[in-house]
Amino acid sequence: MKRIMLAAVCIAALVGCTTGSVQRSSAVASNTTYARDALKPFADKGWLPGAISVLYNNGVEEIACVGYADVAAKRPITLDDHFMQCSQTKGFCGVTVAKLVEEGKVSLDDPISKYLPEFETLWITDGSTTDVRKVTKAKNVLTLRMCMNHTGGFPFELPNYCSMGGWSRRMPLRSVAVIAAAQPLLFEPGTSTQYSNVGIDIGAAVVEAVTGMRWEAYLKKTVLDPLGMTSSGFVPSEEWLKTKIEMYNCQTNAPAVWREFNPAMARPYGDDRVFASAGAGLWTTARDQLKFYKMLMNLGLGENGVRILKEETVKDILATSTRPKGLGGYSLGLHTGGDNGWFGHGGAWGTNCQVNWKERKLKLCVVQLCGQPRPWGAELAKAEEQFFKSTAAGEGDEYVGRMK
C-alpha cells in the first residue's frame with residue numbers, strides 16, 4: 001500500500017513537471033520538523049525573534065513558523081504576515097524584463113541609450129579618494145544585460161540614498177535613471193561586477209519606456225495579479241502594517257533588540273511620497289513569495305495553472321548566468337548556480353529563497369533582522385539537507401509511513 005501511495009505522488013509530480021498546461025496540485029505535507037527543530041532553540045532564547053522556513057521537494061513540503069512576528073505583543077509569526085523582502089525584488093524586475101525579451105520588444109544587448117537617451121555618453125571615475133578626481137569617457141556600450149546582472153559599473157546606490165527614503169523611494173524610477181546617468185561609473189561597462197540597486201532600477205525604467213506603463217503597474221498586471229499575489233505591493237496599507245513582521249537587531253549571545261525601522265527603507269511606507277524601487281522595495285508575505293518562486297521552479301508556470309513565461313525563457317535567461325565567463329553566476333536580478341539548476345535571491349534583512357528547476361526543489365527562509373551574528377544559519381542548512389535527503393526518491397517507504 002505504501003508503495004502505491006508513493007507511486008501516485010511521484011506520477012502526479014512527474015505529470016506536473018512535464019506538461020506545460022497542467023495546474024500544479026497542492027503539496028503533500030512531509031510531517032517532518034527538521035527546520036523547526038533547528039530554529040526553535042534559538043527562538044526560545046530570544047536570539048531569533050521569529051522565522052519562517054518552507055522546504056519543498058518535488059511535491060512534498062515542510063512548513064515551519066517559529067517564534068514571533070512581534071515579540072513584545074507575543075504575536076506568532078505566520079505565512080500571511082507582511083515583510084520587506086528588499087533585494088528579492090530584483091528577481092521580480094528580472095521577470096518583467098524577461099517577458100519583454102520573450103515578446104521580442106527588447107534585446108538584452110540593446111544599448112540603454114536606445115530607451116533612455118541620457119546614457120548616450122558615460123564617464124568612468126578613476127576611483128581616487130583625493131580632492132581631485134579624474135574621469136574618462138567610457139568606451140564600451142552600456143546594455144540592458146549589464147544593468148540587470150550588475151556589470152554596468154553603477155555603485156550600489158545613489159548618493160545620499162537614505163535621505164531619499166532608501167528603498168521607500170521618494171522619486172520615480174525614471175528620475176533614478178536620470179540621476180544615475182549624471183554620475184561617473186566605477187569601471188568600463190561589462191568588465192567587472194558591482195552589486196547595484198541602481199542598475200536594476202534602470203532596467204525597470206526601460207520596461208516603463210517600452211510598455212508606456214509604470215513598472216510597478218506592469219508587474220502587477222503581468223505577474224502579481226495572474227499569480228494571485230494579492231498581498232504584495234510597494235505601498236503597504238495600514239492593515240498590512242498592523243501585522244507586519246517587526247525588525248530586530250541581532251545581538252551576540254543575547255536576545256535580539258527591536259528597532260523601529262532601518263534608514264535604508266525609511267518611514268513613511270504608505271503615503272504619496274513612496275515610489276517603487278525595483279532593486280529592493282517590494283513588500284510581500286511568505287505565502288505570496290511561494291507563488292512567485294514556485295512559478296520560477298516550475299519554469300514559468302504558476303501553481304494556479306497560469307503561465308507567466310515560457311520554459312526556455314526561464315532556463316536560458318533567468319536560471320542561467322548572463323555575465324561574461326569568470327565574473328560569477330548572475331542573470332536578470334537572480335543569482336544562478338551554474339548547471340545544477342539552482343537559482344534565486346536573498347534580501348537585506350535575511351530573507352532568502354532558492355529554487356531548483358531540474359529537481360523541483362525549493363528552500364525559503366523569512367526573517368527581519370539587521371546585523372550579525374546569526375548562528376542558526378548553519379543549523380538551518382543542516383536541516384535543509386536532512387529534509388531533501390529524507391524525501392528523496394528511493395527512501396519512499398520510510399517517508400510515506402510518516403505521512404497522514
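## Getting started: helices and strands

Helices and strands here are runs assigned by DSSP, at least four residues for a helix and at least two for a strand, counted off from the N terminus. With that in hand, you can find Arg360: look in the loop between β13 (352-356) and β14 (361-366). Keep in mind that you're looking at a predicted model.

Arg360 has a phi near 50°, which is a positive value in a residue other than glycine. Is Arg360 buried or exposed? Buried counts as under 20% relative accessible area, and Arg360 comes in at 4%, so it belongs in the buried group.

## A little three-strand sheet

Now for a sheet. Three strands line up in the order β9-β8-β15, making an open sheet with mixed pairing. The edges are β9 (254-259) and β15 (369-370), each of which pairs on one side only. In general, strands of a sheet pair through backbone hydrogen bonds, either parallel or antiparallel.

How does β8 pair with β9 and with β15? Strand β8 (residues 247-251) runs antiparallel to β9, with four bridges between them. With β15, the pairing of β8 is parallel and has two bridges. Asn249 is a handy residue to click on: its bridge partner in β9 is Val257, and in β15 it stands opposite Cys370.

The hairpin of β8 and β9 has two residues between the strands, and Asn253 takes a positive phi there, near 50°. Like Arg360, Asn253 is a residue other than glycine with such a phi. Asn253 has a relative accessible area of 57%, so it is exposed, whereas Arg360 is buried.

## Loops worth a look

Follow the chain on from β9 and you get to the loop between β9 and β10 (283-285), where Pro263 is found. Pro263 is partly exposed, at 38% relative accessible area. Beyond its neighbours within four places in sequence, Pro263 is in contact with Cys162, Gly165 and Gly166. Pro268 has its place in that loop between β9 and β10 too, and a cis peptide bond joins Arg267 to Pro268, with omega about -5°.

Another cis bond runs from Gln372 to Pro373, with omega near 0°. Pro373 sits in the loop between β15 and α11 (376-390). Over in the loop between α5 (173-181) and α6 (197-211) you'll find Ala182, which is exposed at 62% relative accessible area. Ala182 and Phe119 are 63 residues apart in sequence, yet their C-alpha atoms are 8.5 Å apart in space.

## Two helices that cross

Next, try helix α3 (residues 89-102) and helix α7 (residues 215-227), whose axes come within 10 Å and cross at roughly 80°. That angle falls in the 65 to 115 degree range, so α3 and α7 are roughly perpendicular to each other. Among the residues that meet are Phe92, Val95 and Lys99 from α3, and Trp215, Tyr218 and Leu219 from α7. The contact residues of these two helices split into nine nonpolar, three polar and one charged.

## The nonpolar cores

In soluble globular proteins, nonpolar side chains tend to be buried together. Here, the largest nonpolar core has 91 residues, and those touching the most other members are Phe119, Ile202, Trp215, Phe292, Leu296, Leu318 and Leu362. Setting aside residues up to four places away in sequence, Leu318 touches a list that includes Gly94, Val95, Ala98, Leu296 and Phe343. Apart from the largest core lies another one of 17 residues, among them Ala64, Val66, Cys365 and Leu380.

Note on methods. Residues numbered from 1 in each chain as written. Predicted model: local features only at pLDDT ≥ 70, side-chain atom pairs only at ≥ 80, totals over all residues. Heavy atoms only, no water. Pairing = 2+ DSSP bridges. Core = buried A, V, L, I, M, F, W, Y, C linked by side-chain atoms within 4.5 Å. Buried < 20%, exposed > 50% of the residue type's maximum accessible area, 1.4 Å probe, protein only. Contact = heavy atoms within 4.5 Å. Axes fitted to C-alpha atoms, helices over the stretch in contact; angles between N-to-C directions. Parallel < 35°, antiparallel > 145°, perpendicular 65-115°, else oblique. Nonpolar A, V, L, I, M, F, W, Y, C, P; charged D, E, K, R; others polar.
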